Amino acid sequence: MEELALHILDLVTNSIEAGADRVIIGVDEDLVTDRLTITVEDNGRGMDKDLVRRVIDPFVTTRTTRKVGLGLPLLDAAARGSEGGMTIDSVKGRGTRVTAWFRRSHVDRAPLGDVARTVAVVVGGNPGVRVTYRHSVDGRSFELDTAELQDRLGDVPVGNPTVLTWIEGYLRESLREIGGARE
């Protein structure tokens with residue numbers, strides 16, 4: 001995948017297909033340690049230890065629509081290709097957390113991409129899922145939580161096109177304010 005935001009979209013899609021109604025997306029940029037970390041955590045059905053061990057094999061998938069699953073193997077390869085790595089923590093019946101880290105300045109690291117649009121697409125396409133997005137750059141941070149936003153909106157759904165446009169704009173402005181996502 002050309003952008004890390006597409007990996008985030010893939011991970012969230014996996015979470016929702018696993019029955020999650022709560023997804024937490026985190027992006028942490030640490031300029032001092034030259035590290036970019038992406039975390040996607042859910043409360044889906046999780047995986048047993050055997051499946052976690054095998055899931056980065058592209059020929060291991062729980063999908064019935066095809067016999068390959070490329071998302072996690074590609075993310076793992078992208079992370080290792082830029083002096084990073086990936087871990088998967090999962091408990092069957094409780095959820096999964098995927099963490100991928102990259103050397104931020106590595107010439108082969110994919111750009112973060114349009115994470116604001118990615119989050120807006122996730123929120124718009126999954127109205128029953130509580131999505132939290134956290135982004136930090138050297139200790140400066142912001143968070144968007146669709147449950148808190150829904151409380152403020154009252155009867156207007158977070159999937160309303162006007163609200164989605166606001167979400168995308170809010171994320172872009174917040175990213176600029178903390179010095180993130182200049183790519």
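Trainee: Which residues line the second largest pocket?

Mentor: Keep in mind that we're looking at a predicted model. Going along the chain, the lining starts with E143, L144, D145, E148 and L149. The rest of the lining is R152, L153, W166 and Y170.

Trainee: And which element gives the largest share of that lining?

Mentor: Three elements give two or more residues each: β6 (140-145), α5 (146-153) and α6 (161-178). With four residues, the largest share comes from α5.

Trainee: How many residues in the lining of the second largest pocket are charged?

Mentor: Let's go class by class. Five of the lining residues are nonpolar, and there are no polar ones. E143 and R152 are among the lining residues, and Glu and Arg both count as charged. The charged total is four.

Trainee: How much space lies in that second largest pocket?

Mentor: Its lining draws on β6, α5 and α6. The space in the pocket comes to about 200 Å³.

Trainee: Over to the strands, then. What is the bridge partner of T37 in β4?

Mentor: Strand β2 covers residues 35-42, and β4 covers residues 95-103. These two pair in the antiparallel sense over eight bridges. In β4, T37 has as its bridge partner W101.

Trainee: Which residue takes a positive phi in the hairpin of β3 and β4?

Mentor: Strand β3 (residues 85-91) also pairs with β4 in the antiparallel sense, over seven bridges. V91 stands opposite G95 in β4. The hairpin has three residues between the strands, and the one with a positive phi, near 85 degrees, is G93.

Notes:
Residues numbered from 1 in each chain as written. Predicted model: local features only at pLDDT ≥ 70, side-chain atom pairs only at ≥ 80, totals over all residues. Heavy atoms only, no water. Pairing = 2+ DSSP bridges. 1 Å grid on protein atoms, 1.4 Å probe; cavity = no way out; pocket = protein on both sides within 12 Å on 5 of 7 lines; lining within 4 Å. Points joined across faces, edges and corners; volume = space filled by probe spheres on them.
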